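Here's a quick briefing to go with a protein model. Take a look at the structure first, then read on.

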Amino acid sequence: MLKICTKCLIPGAISLARKGRRLPLDVKIDPKTLEYNPVFKPAEYVNGGISSRVYDVEGYPNLVIRISHCLEKYCPLKLKRANNPITGTIASGYNEEITVMKKLSGSPLYGKRWDSRDTPDIDEFRRTLTMLSDLPDSAFEKYIDDVAKIRENGYKLDLVNPNNLLIDFEKGEINICDLSKGHNFKNYPNAGDFYPFLDAERLFQLMENSTVAERQEITRGVQSFFDRIKEIGKRKGLDLRVEAEDENKLQDFIVHVYNGAVKENQFKLKDKITKNMTPKKGFLEKIKGLYEINKKKAGL
């Protein structure tokens, strides 16, 4: 748990009160009845990622506090008021290593504490696909509008970790968290913005550890989801198609799945349902080949 600096809390609050009320220095103030800026203390742990962790805020059920992993101690009075409608930030400090934000509704996709090194669960993938299919089109339409607004204001999304998408299935809403300043590879809504919904970062692992029948089921699920997104995009005047497979460039694995280009010899299953990967064939070998070509071009 983060340590809170308390040594300067009361003196600092008294100083703030004097400035706000313009009181003479000889007037005594009772710290017990003192009113000053909110003191945001972390409470229950909510979730975390590579760079930071998020907590509820003691006494403020509608707020969360995001704290960088590198910060061990802070003084609440050093936080400054903020008003950022894009990130929902109302206070921040320590070069934004601490931010207090409005709490978003919904649950993180694919459960808390998502880790790219963990092997996904086929049952969880099925449940998530079913729940996503129950979301109204309006939820994805609003998500598209939110993505466009975020980028128009100079922010980028983390499209690797699906936990950054909070889904409120009761309200039929998709909320986006963990934004950062920066340029996006594609600075407009595109099919890649929907990759996290299908846990694209771990999709190869999922298929690698699935049976032949399960891999076929996963492929159908990916195709059905993106066919729907494509139609939603059309209605909004956007091209949200998954790109066609191109052997001359490195593409996300989900592109190969959607285009039905994944072959059984690309996987080596522990239960030996299929044979070992054929040399110089398959998705992984293709990556290695392209990597070697790029190294040669770069003179490495």
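Over residues 16–36, pLDDT (the predictor's confidence in each residue, from 0 to 100) stays under 50. For that stretch the model has 19 contacts (heavy atoms within 4.5 Å) beyond four places in sequence. Where pLDDT is low, don't read the predicted coordinates in detail.

**How far to trust it**
- This is a predicted model: local features need pLDDT of at least 70, side-chain atom pairs count only at pLDDT 80 or more, and totals for chains, interfaces and linings use all residues.
- Residues are numbered from 1 along each chain as its sequence is written, and side-chain values use heavy atoms, with hydrogens and water left out.
- The chain averages a pLDDT of 81, and 77% of the residues score at least 70.
- Residues 269–281 also stay under 50, with 26 contacts beyond four places in sequence.

**The sheet**
- Three strands (DSSP E runs of at least two residues) make an open sheet in the order β9-β11-β12, with antiparallel pairing (at least two DSSP bridges between two strands).
- Its edge strands are β9 (107–108) and β12 (173–176), as each pairs on one side only.
- In the pairing of β9 with β11, P108 stands opposite L166.

**Helix α3**
- Helix α3 (residues 137–152; a helix is a DSSP H or I run of at least four residues) lies across β11 and β12.
- Its buried residues (under 20% relative accessible area, 1.4 Å probe, protein chains only) include F140, Y143 and V147.
- Seen down the axis of α3, the buried residues fall within an arc of 140° (taken from the directions from the helix axis to the C-beta atoms), so they line one face.

Definitions and conventions: Axes fitted to C-alpha atoms, helices over the stretch in contact; angles between N-to-C directions. Buried < 20%, exposed > 50% of the residue type's maximum accessible area, 1.4 Å probe, protein only.
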